[in-house]
Amino acid sequence: MIAGTLKAWEKACGALDVALGHGAVADELDALLRCVSPSDFGFHNAVHTTTGTRFFDFEFAGWDDPAKCLADVFLQPRISVPESFVPV
């Protein structure tokens, strides 16, 4: 299984390199599609206060792909999101 996954990964990387080299896809997201992302977003950087949940630790914040921001929440290794919250 791991060998098959590695082979598929290498094939996808090769195809992406070719596509990028020929200008078929851009390696940068259009500025209008980006969002302000905390980058280090996760429940490990949240505190519950009397006025609600507050997030902190934004030293790596910047403009990024909204999909990456969402993935950061669900892939954060320190505090995992319950499986029932993971979108299908």
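A residue counts as partly exposed when its relative accessible area lies between the limits for buried, under 20%, and exposed, over 50%. With that in mind, and remembering that this is a predicted model, begin by selecting Arg 34, which is partly exposed because its relative accessible area is 25%. Add Glu 28 to the selection, and you will find the two side chains joined in a salt bridge whose closest N and O atoms are 2.6 Å apart; Glu 28 itself counts as exposed, at 56% relative accessibility.

A search of the whole structure finds two salt bridges, and for the other, select Lys 68 and Asp 64, whose side chains meet with an N to O distance of 3.8 Å. Lys 68 is partly exposed at 33%, and Asp 64 is partly exposed at 21%.

Select Asp 65 next, which caps the N-terminal end of helix H2 by placing a side-chain oxygen 2.8 Å from the backbone nitrogen of Ala 67. Then display H2 as a whole, residues 66-75, and highlight its buried residues, Cys 69, Asp 72 and Val 73. They lie on the same side of H2, because they cover an arc of only 95 degrees around the axis. If you now show strand S1, you will see part of what covers these buried residues of H2.

Finally, turn to the surface and select Leu 16, Leu 20 and Val 25, which together make a nonpolar patch of about 220 Å². Val 25 sits in the loop between helix H1 (2-21) and strand S1 (35-37), and it counts as partly exposed, with 39% relative accessibility.

Methods
Residues are numbered from 1 along each chain as its sequence is written. This is a predicted model: local features need pLDDT of at least 70, side-chain atom pairs count only at pLDDT 80 or more; totals for chains, interfaces and linings use all residues. Side-chain values use heavy atoms; hydrogens and water are left out. Patches are made of residues with over 30% relative accessible area and no salt bridge: like charges are joined within 9 Å, nonpolar side chains (Val, Leu, Ile, Met, Phe, Trp, Tyr) within 5 Å. Accessible areas come from the Shrake-Rupley method with a 1.4 Å probe; for residues, only the protein chains shown count as cover. A salt bridge is a side-chain nitrogen of Lys or Arg within 4 Å of a carboxyl oxygen of Asp or Glu. Helices (H or I, at least four residues) and strands (E, at least two) are DSSP runs, numbered from the N terminus. Buried means under 20% relative accessible area, exposed over 50%, partly exposed in between (1.4 Å probe, protein chains only). The arc is that of the directions from the helix axis to the C-beta atoms. Contact means heavy atoms within 4.5 Å. A polar contact is a pair of N or O atoms within 3.5 Å; within protein, one must be able to donate a hydrogen and the other to accept it, and residues adjacent in sequence count only if both atoms are side-chain atoms.
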